[in-house]
Amino acid sequence: MFIYHWWWGGDPDAVNEVSGMTLRDIYRVQTSWKTINTTQNGFLMFFRLFEAAPETKSFFKSIAKLQTREEMMANVTFRAHVMNVMSALDNSIINLNQPEVVIVWMKKLGDAHERHRIQKRHFWIFKDVLVNILQNDLQFSEDIIASWGKYVTFTYDHMLARMTN
């Protein structure tokens with residue numbers, strides 16, 4: 001038992017009061033994240049978001065009139081936004097052992113999206129898109145998907161609390 005706790009840095013199934021995640025959840029999210037091609041899957045997430053909620057494409061003035069994925073991927077402003085989103089995911093995932101730090105970032109993200117009048121419902125659609133990619137494209141196990149669900153819940157609890165719509 002001692003080695004087990006030493007290996008994990010504590011009880012791997014104890015729920016962190018701040019994040020609602022266990023050490024096992026954090027490990028699953030962090031290790032699965034390392035296998036994801038962030039550029040390819042970042043664009044895929046947005047393209048699937050645009051399919052699921054076409055109005056979201058209009059949030060990005062630089063690509064609103066572009067028709068093809070290739071045109072959108074070639075747009076520097078949109079590409080920078082995709083990279084920013086994936087970097088935000090990366091920073092929050094790397095720092096899940098410091099949930100208080102992640103909360104500060106999520107509040108800032110919530111404030112930024114509130115200024116742009118993005119609606120909370122679009123984030124829930126984005127979550128559905130993410131889960132679909134994790135399940136069907138990346139074929140992650142149900143345990144990993146469940147841990148990602150806890151991660152999204154944790155981050156959304158703090159980000160969406162900053163948004164009024």
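Arg24 counts as buried in this predicted model because its relative accessibility is 19%, below the 20% cut-off. Its partner in a salt bridge is Asp13, with the closest N and O atoms 2.8 Å apart. Asp13 sits in the loop between H1 and helix H2 (23-33), while Arg24 belongs to helix H2, so the contact ties together parts that are eleven residues apart in sequence. Unlike the buried Arg24, Asp13 is partly exposed, with a relative accessible area of 46%.

**Salt bridges**

The count of salt bridges comes to eight. Side chains of opposite charge can pair when their charged atoms come close. Three of the pairs are listed below, with the N to O separation and the relative accessibility of each partner.

| Acidic residue | Basic residue | N to O separation |
|---|---|---|
| Asp13, 46% | Arg24, 19% | 2.8 Å |
| Asp137, 36% | Arg48, 22% | 2.8 Å |
| Asp111, 25% | Arg162, 37% | 2.9 Å |

Asp137 and Arg48 meet through their side chains in a salt bridge. Asp137 is in helix H7 (residues 120-137) and Arg48 in helix H3 (residues 38-52), so this pair joins parts that are 89 residues apart in sequence. Asp137 is partly exposed at 36%, and Arg48 is likewise classed as partly exposed, at 22%.

Asp111 forms a salt bridge with Arg162. Here the link runs from helix H6 to the segment after H8, so parts that are 51 residues apart in sequence are tied together. Asp111 is partly exposed, with 25% relative accessibility, and Arg162 is partly exposed too, with 37%.

Which residues are linked in a network of salt bridges? Asp25, Arg28, Asp143 and Lys150 are.

**Overall fold and dimensions**

The chain has eight helices and zero strands, and its elements, read from the N terminus, run α-α-α-α-α-α-α-α. An unreviewed UniProt entry lists residues 20-164 as "domain: Globin". Over residues 20-164 the chain is 72% helix and 0% strand, with the end C-alpha atoms 24 Å apart.

The C-alpha trace spans about 60 × 35 × 25 Å along its principal axes. For 165 residues, a compact globule would have a radius of gyration near 15 Å, and the 17 Å of the chain agrees with that. Of the 165 residues, 41% count as buried.

**Surface features**

Val101, Val104 and Trp105 make a nonpolar surface patch of about 210 Å². Trp105 is found in helix H6 (residues 99-115), the helix that also holds Asp111. Trp105 counts as partly exposed because its relative accessibility is 30%.

Is Thr77 buried or exposed? Thr77 has 54% relative accessibility and therefore counts as exposed, the cut-off for this class being over 50%. Thr77 lies in helix H5 (residues 76-94). Its C-alpha atom is separated by 9.4 Å from that of Lys61, with the two residues 16 residues apart along the chain.

**Confidence**

The chain averages a pLDDT of 92, and 95% of the residues score at least 70. Among the elements, helix H8 (residues 142-159) has the highest mean pLDDT, at 97, and helix H1 (residues 2-8) has the lowest, at 62. Where pLDDT is low, the predicted coordinates should not be read in detail.

Notes: Residues numbered from 1 in each chain as written. Predicted model: local features only at pLDDT ≥ 70, side-chain atom pairs only at ≥ 80, totals over all residues. Heavy atoms only, no water. pLDDT = per-residue confidence, 0-100. Helix = DSSP H or I, 4+ residues; strand = E, 2+ residues; numbered from the N terminus. UniProt positions renumbered as here; feature names shortened; annotations may be inferred. Patch = residues over 30% accessible without salt bridge, like charges linked within 9 Å, V, L, I, M, F, W, Y side chains within 5 Å. Areas by Shrake-Rupley, 256 points an atom, 1.4 Å probe, with all protein chains shown as cover. Salt bridge = Lys/Arg side-chain N within 4 Å of Asp/Glu carboxyl O. Buried < 20%, exposed > 50% of the residue type's maximum accessible area, 1.4 Å probe, protein only. Rg over C-alpha atoms; globule rule 2.2 N^0.38 Å.
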